[in-house]
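User: I'd like to go through the charged contacts in this one. Can you pull it up?

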Amino acid sequence: MAGRMVVGSAALADLVRPASAPDPAGGHRVLPVRAELTGLLPNRGLRRGSTVAVGAGQPRRSGATSLILALLAEASRAGSWCAVVGVPTFGAGAAAEAGIALDRLALVPDPGPEWPTVVAALIDGVDVVVTAVPATVSASVATRLAARARQRGSVLVPYGRWDGADVTLQVVRGVWQGLGPGRGRLRRREVTVSARGRGAAARPKEIKVWLPGDELTRVIPGSAGLGAPPAALSRRLRVVAPPARTLAAAGPA
């Protein structure tokens with residue numbers, strides 16, 4: 001399986017250096033996202049230097065992992081490097097099915113106590129950095145990482161509580177479909193995603209989408225803020241169990 005194995009700080013530095021090299025998406029100030037999510041973001045995409053948080057929500061109905069996959073897919077397909085830090089359940093199989101290029105994806109399941117150092121190193125050379133937010137992170141560390149992302153032109157995507165984000169996305173409701181009276185299979189999920197933030201994102205927004213399922217991911221007609229629903233996309237979003245092979249592991253930087 002394509003991917004990058006990262007072991008220790010030296011290997012992390014080797015990963016960041018090639019990621020910093022020019023690529024087709026490197027000069028774009030706004031990285032693309034799937035069409036159904038554009039109405040939630042003030043620039044209709046992931047603006048370089050911004051912090052876009054994804055709220056974890058309640059585990060039984062959060063849908064946050066599928067939302068993260070949707071945020072990364074189009075930028076990755078366009079040539080951007082992505083990294084996911086501190087999310088051991090993030091599966092490479094699900095990432096590939098969502099359209100994320102595994103040869104431009106770094107997974108650091110357990111960054112250990114040097115989490116701020118690992119995230120800062122990835123911000124220096126990776127276009128989009130998703131990171132689970134440790135319960136012990138201080139406001140000063142969060143502020144420094146957000147400032148570093150602004151300086152380096154990376155998009156920081158904290159997964160969990162993060163005060164001061166430019167925009168925070170949250171799955172606030174979710175209803176599975178597919179089960180009939182006493183039988184059937186879970187096929188798709190109608191979720192409501194809210195967006196709130198500051199500046200251009202100060203006005204709250206909310207849409208409904210299908211995430212994930214056998215149906216193609218699309219905006220559900222009648223969602224606020226997006227107008228007519230876009231054409232169905234050609235890829236599905238479906239969370240699967242992590243594969244036997246782990247793409248990456250990093251020690252203290």
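What follows is a short exchange about salt bridges and exposure.

User: What kind of model is this?
Analyst: This is a predicted model, where local features need pLDDT of at least 70, side-chain atom pairs count only at pLDDT 80 or more, and totals for chains, interfaces and linings use all residues. Residues are numbered from 1 along each chain as its sequence is written, and side-chain values use heavy atoms, with hydrogens and water left out.

User: How many salt bridges does the structure hold?
Analyst: There are 7 salt bridges (a side-chain nitrogen of Lys or Arg within 4 Å of a carboxyl oxygen of Asp or Glu).

User: What does Asp124 pair with?
Analyst: Asp124 forms a salt bridge with Arg148, with the closest N and O atoms 2.9 Å apart. That pair links distant parts of the chain, 24 residues apart: Asp124 sits in helix α4 (residues 115–125) and Arg148 in helix α5 (residues 139–152). Helices here are DSSP runs of H or I, at least four residues, numbered from the N terminus.

User: And Arg152, which residue does its side chain meet?
Analyst: Arg152 meets Asp124 in a salt bridge, at 3.0 Å from N to O. This pair also joins helix α5 to helix α4, with the two positions 28 residues apart in numbering.

User: Is Asp124 buried, exposed or partly exposed, and what is the value?
Analyst: Asp124 is partly exposed at 29% relative accessible area (buried is under 20%, exposed over 50%, partly exposed in between, with a 1.4 Å probe and protein chains only). Arg148 is partly exposed at 28%, and Arg152 is partly exposed at 44%.

User: Switching topic: what about Asp163, which partner?
Analyst: Asp163 forms a salt bridge with Arg161, 3.5 Å between the closest N and O atoms. Both residues are exposed.

User: Which residues are linked in a network?
Analyst: Arg34, Glu74 and Arg77 are linked by salt bridges in a network.
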